[in-house]
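I opened a notebook for this one. These are my entries, in the order I looked things up.

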Amino acid sequence: MFTGIVEEIGEVTAVEQDTNMARLTVRGPLVTSDANHGDSIAVSGVCLTVVAVSEGGFTVDVVNETLARSSLAKVAVGDAVNLERATPAGGRLGGHIMQGHVDGTGVFLSRDDTGVTTFALPTGLGKYVVEKGSIAVDGVSLTVASITDEQFSVALIPTTLEATTLGRREAGDLVNLEVDVVAKYVEKLAIPHLAASAHNV
């Protein structure tokens, strides 16, 4: 589990493509200070398993399912990524409960002088996003300021712009999105009952 409080900005130092996956090596001295093989680290919001630890860096394997759903399919050497270690039991829940299971990619549209930043939503995700609800963008826990069927906005404080990759985003950049998992469970549980009610009308 993660909370969306980015610990450091890492740098991709190697990308190896394979038939069914990609292997990434990321420099992140803080998150690797106590990392071991098998640990979970969120890379721009994607929960990945550490397969090797080196001096100040770590290596992860990214399977096709993850590549298809996230911006990691386009990651290149030198790219900056947000890093967060899994939240320990008893740790502070500084953001909101996140799984590191990306639902899809959005597009950075704009940011104004006050920090209000707008992203395009992929088809089908808008129903899980509500005003003043939580959403993870590239692994950053954020509060939705406004929402339409096709886009949403968040208000980014200077600290978030400085401490995460969101301050470096430009129009057209892809971002990883994770919606509130509770909304998806509620939908799954409610659909059979709604269908039965409609049938009985």
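**Entry 1: a hairpin.** I started at the turn between strand 7 and strand 8. Four residues sit between the two strands of this hairpin, and Gly-115 there has a positive phi near 95°. I note that the model is a predicted one. Next I checked how the two strands pair. Strand 7 covers residues 104-111, and four bridges join it to strand 8 in an antiparallel run. I picked out one pair: Arg-111 faces Thr-117 of strand 8. I reminded myself that strands of a sheet pair through backbone hydrogen bonds, either parallel or antiparallel.

**Entry 2: strand 8.** Is strand 8 enclosed or open? I looked up its burial. Strand 8 spans residues 116-120, and four of its five residues are buried, so the rest of the structure largely encloses it. Strand 8 also pairs with strand 11, antiparallel, over five bridges. Here I found Phe-119 opposite Phe-152 of strand 11.

**Entry 3: a barrel.** I followed the pairing further. Six strands form a closed barrel in the order 7-8-11-10-9-12, paired antiparallel. From one strand to the next, the twist averages 45°. Which strand pairs with strand 7 over four bridges, as well as strand 8? I found strand 12, residues 174-178, again in the antiparallel sense. Val-107 has Leu-174 of strand 12 as its bridge partner.

**Entry 4: another barrel.** I then traced strands 1 to 6. A closed barrel of six strands runs 1-2-5-4-3-6, with antiparallel pairing. Its twist averages 45° from one strand to the next. I looked at one pair inside this barrel. Strand 3 and strand 4 are antiparallel and share four bridges. Val-43 stands opposite Val-46 of strand 4.

**Entry 5: Ser-44.** I stayed in this region. Ser-44 sits in the loop that links strand 3 (40-43) and strand 4 (46-54). Is Ser-44 buried or exposed? Its relative accessibility is 3%, and the cut-off for buried is under 20%, so Ser-44 counts as buried. Then I asked what it touches. I left aside its neighbours within four places in sequence. The contacts of Ser-44 are then Val-81, Asn-82, Asp-138, Gly-139 and Asn-176.

**Entry 6: the largest pocket.** Now I turned to empty space. Rolling a probe the size of a water molecule over the atoms shows where such space is left. The largest pocket has a volume of about 320 Å³. It is lined by 13 residues, and Ser-71, Asp-79, Ala-80, Arg-169 and Leu-174 are the closest to its centre. I had already met Leu-174 as the bridge partner of Val-107. I sorted the lining by class. It has five nonpolar, three polar and five charged residues.

**Entry 7: the second largest pocket.** This pocket holds about 270 Å³ of space. Its lining has 17 residues, with Ile-5, Val-140, Ser-141, Leu-142 and Thr-160 nearest the centre. Which elements give two or more residues to this lining? I listed strand 10 (140-147), strand 11 (151-155) and helix 2 (158-163). Strand 10 gives the most, with four residues. Strands 10 and 11 also belong to the barrel 7-8-11-10-9-12. By class, this lining has nine nonpolar residues, eight polar and no charged. For the largest pocket I had noted five charged residues.

Notes: Residues numbered from 1 in each chain as written. Predicted model: local features only at pLDDT ≥ 70, side-chain atom pairs only at ≥ 80, totals over all residues. Heavy atoms only, no water. Buried < 20%, exposed > 50% of the residue type's maximum accessible area, 1.4 Å probe, protein only. Contact = heavy atoms within 4.5 Å. 1 Å grid on protein atoms, 1.4 Å probe; cavity = no way out; pocket = protein on both sides within 12 Å on 5 of 7 lines; lining within 4 Å. Points joined across faces, edges and corners; volume = space filled by probe spheres on them. Nonpolar A, V, L, I, M, F, W, Y, C, P; charged D, E, K, R; others polar. Pairing = 2+ DSSP bridges. Axes fitted to C-alpha atoms, helices over the stretch in contact; angles between N-to-C directions.
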